Amino acid sequence: MTLLTNKQTMAPPGTAATAAAATTTRTLGAVIKAYVALTKPRIIELLLITTLPVMFLAARGLPPLWTATATMVFGTLSAGSANVLNCYIDRDIDKTMRRTRRRPLAKADVTPRGALIFGIVLGVLSTLGLGLTVNWVAAGLSLAAILFYVFVYSMILKRRTSQNIVWGGIAGCMPVLIGWSGITGGLSWAPLVLFGVVFFWTPPHTWTLAMRYREDYAAAHVPMLPVVATERQVVRQTIAYTWATVLCSLLLWPVAKTTLLYPAVALVLGAGCLWEVYRLLGRLNAGKTGVDLRPMRFFHWSNIYLALLFLAVAVDALLV
């Protein structure tokens with residue numbers, strides 16, 4: 001009887017090992033997914049959108065495949081490093097914000113020590129990778145971007161001043177310089193103009209997101225402009241920076257001697273961006289407030305604006 005029971009309950013050969021392997025695979029997959037999420041892939045996509053087109057501009061056509069590939073790969077690791085270390089520093093406030101409470105550190109899917117080591121390793125690999133495969137100017141700029149984002153923005157500015165994203169956004173402008181230097185080994189006025197475009201673009205892009213999640217930032221005691229200023233003040237600042245973005249974008253035409261395609265596209269996209277920001281002002285003047293202002297309309301449009309503007313940079317470079 002005992003023998004019969006054992007036979008009835010005995011698992012087929014390999015079943016236990018298969019189940020254990022499946023469990024291990026699922027666990028490993030979840031861990032990998034959590035570590036990838038720490039790098040904030042959607043933000044990295046935006047940074048790469050500004051990197052590759054500048055390489056086309058620097059090369060006045062198609063950039064060398066190996067250089068472009070190496071710059072993009074190690075640039076991804078660099079941005080990932082900065083984002084992981086930012087998550088490590090912000091793990092306390094991420095738990096209190098609806099927008100960020102599902103991040104891996106906030107959910108304890110990754111240990112703080114694991115995230116810190118991961119971020120540092122990515123930073124070392126990206127710097128050495130760029131230096132050895134591209135050039136040390138690009139590597140130095142990449143390292144400077146990581147250090148600025150981590151120490152200046154995340155540790156000093158973010159929790160202390162409403163100007164946090166204005167100056168902290170400099171780190172997000174660096175991929176433009178990295179892409180250019182990756183091709184030329186140096187810098188010039190053309191990438192600095194595009195650096196300025198991203199610099200002026202960042203505050204209104206971020207402020208409209210912060211308007212939507214104002215309560216989150218207030219609960220986390222992060223003094224984003226929408227937390228410490230009135231909606232009208234925020235909208236006025238958003239309009240001013242949007243004008244600066246559009247005007248700066250037009251400077252690339254004479255500085256880089258582009259064809260007429262680029263300024264035409266820049267004018268159309270800029271007009272669309274200004275139209276959207278003045279619609280935001282119109283809703284404010286009509287008495288709308290809070291979510292009824294629909295600030296995310298401008299936030300999403302600003303993403304489209306930047307992507308298409310830099311696409312125009314790349315296409316124009318192919319026409320020269």
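**Group meeting talk: a helical chain and its salt bridges**

Hi everyone, let me start with one stretch: residues 43-59 are 100% helix and 0% strand, and the C-alpha atoms at the two ends of that span lie 26 Å apart. Keep in mind throughout that this is a predicted model. For a second stretch, take residues 110-130, where the chain is 90% helix and 0% strand, with 28 Å between the end C-alpha atoms. Both stretches come from a UniProt record, an unreviewed entry, which gives them the feature "transmembrane region". The record also places that feature at residues 65-89, 136-156, 177-201, 234-253, 260-278 and 298-319.

Now the whole chain. How many helices and strands does the protein chain have? There are 16 helices and zero strands. Along the principal axes, the C-alpha atoms fill a box of roughly 90 × 55 × 35 Å. The chain has 320 residues, and buried residues make up 49% of them. If you take the contacts with a separation of 6 or more, 74% of them are between residues 24 or more positions apart.

Let's go to one helix pair. Helix 15, residues 261-285, packs against helix 16, residues 295-319, at an angle of about 175°, and the axes are 9 Å apart. The cut-off for roughly antiparallel is over 145 degrees, which makes helix 15 roughly antiparallel to helix 16. The residues of this contact divide into 18 nonpolar, two polar and five charged.

Leu 261 gives us a closer look at that pair. Leu 261 sits in helix 15, and beyond the residues up to four places away in sequence it touches Val 315, Asp 316 and Leu 319. Leu 261 and Ala 317 are 56 residues apart in sequence, and their C-alpha atoms are 9.9 Å apart in space. Is Leu 261 buried or exposed? Neither, quite: its relative accessibility is 32%, so Leu 261 counts as partly exposed.

Helices 15 and 16 also share a salt bridge. The side chains of Arg 297 and Glu 276 meet at 3.1 Å, N to O. Arg 297 lies in helix 16 and Glu 276 in helix 15, so this pair ties together parts that are 21 residues apart in sequence. The two partners can be read one by one: Arg 297 is partly exposed at 30% relative accessibility, while Glu 276 is buried at 8%.

While we are here, look at the loop between helix 15 and helix 16, which is where you find Arg 294. Arg 294 has a positive phi of about 55° although it is not a glycine. Why mention that? Most residues other than glycine have a negative phi. Arg 294 is partly exposed, with a relative accessible area of 45%. Arg 60 also has a positive phi of about 55°, and it is not a glycine either. You will find Arg 60 in the loop between helix 3 (41-59) and helix 4, partly exposed with a relative accessible area of 36%.

Back to the salt bridges. How many does the structure hold? Eight. One of them joins the side chains of Asp 90 and Lys 158 at 2.6 Å, N to O. That pair links distant parts of the chain, 68 residues apart: Asp 90 is in the loop between helix 4 (65-89) and helix 5, and Lys 158 is in the loop between helix 7 (136-157) and helix 8 (164-168). Are these partners buried or exposed? Both Asp 90 and Lys 158 are buried. They also belong to a network of salt bridges that links Asp 90, Asp 92, Lys 158 and Arg 159.

Another salt bridge pairs Asp 109 with Lys 107, with side chains meeting at 3.5 Å, N to O. Asp 109 is partly exposed, with a relative accessible area of 42%, and Lys 107 is partly exposed too, at 39%.

My last stop is Thr 100, in the loop between helix 5 (91-94) and helix 6 (112-133). With a relative accessible area of 2%, Thr 100 is buried. Which residues is Thr 100 in contact with, leaving aside its neighbours within four places in sequence? They are Ile 93, Asp 94 and Ala 106.

That's my tour. Thanks for listening, everyone!

Technical notes:
Residues are numbered from 1 along each chain as its sequence is written. This is a predicted model: local features need pLDDT of at least 70, side-chain atom pairs count only at pLDDT 80 or more; totals for chains, interfaces and linings use all residues. Side-chain values use heavy atoms; hydrogens and water are left out. Axes are lines fitted to C-alpha atoms, for helices over the stretch in contact, and angles run from 0 to 180 degrees between N-to-C directions. Helices (H or I, at least four residues) and strands (E, at least two) are DSSP runs, numbered from the N terminus. Angles under 35 degrees count as roughly parallel, over 145 as roughly antiparallel, 65 to 115 as roughly perpendicular and the rest as oblique. Ala, Val, Leu, Ile, Met, Phe, Trp, Tyr, Cys and Pro count as nonpolar, Asp, Glu, Lys and Arg as charged, and the others, Gly among them, as polar. Buried means under 20% relative accessible area, exposed over 50%, partly exposed in between (1.4 Å probe, protein chains only). Contact means heavy atoms within 4.5 Å. UniProt positions are given in the numbering used here, feature names are shortened, and annotations may be inferred rather than shown by experiment. A salt bridge is a side-chain nitrogen of Lys or Arg within 4 Å of a carboxyl oxygen of Asp or Glu.
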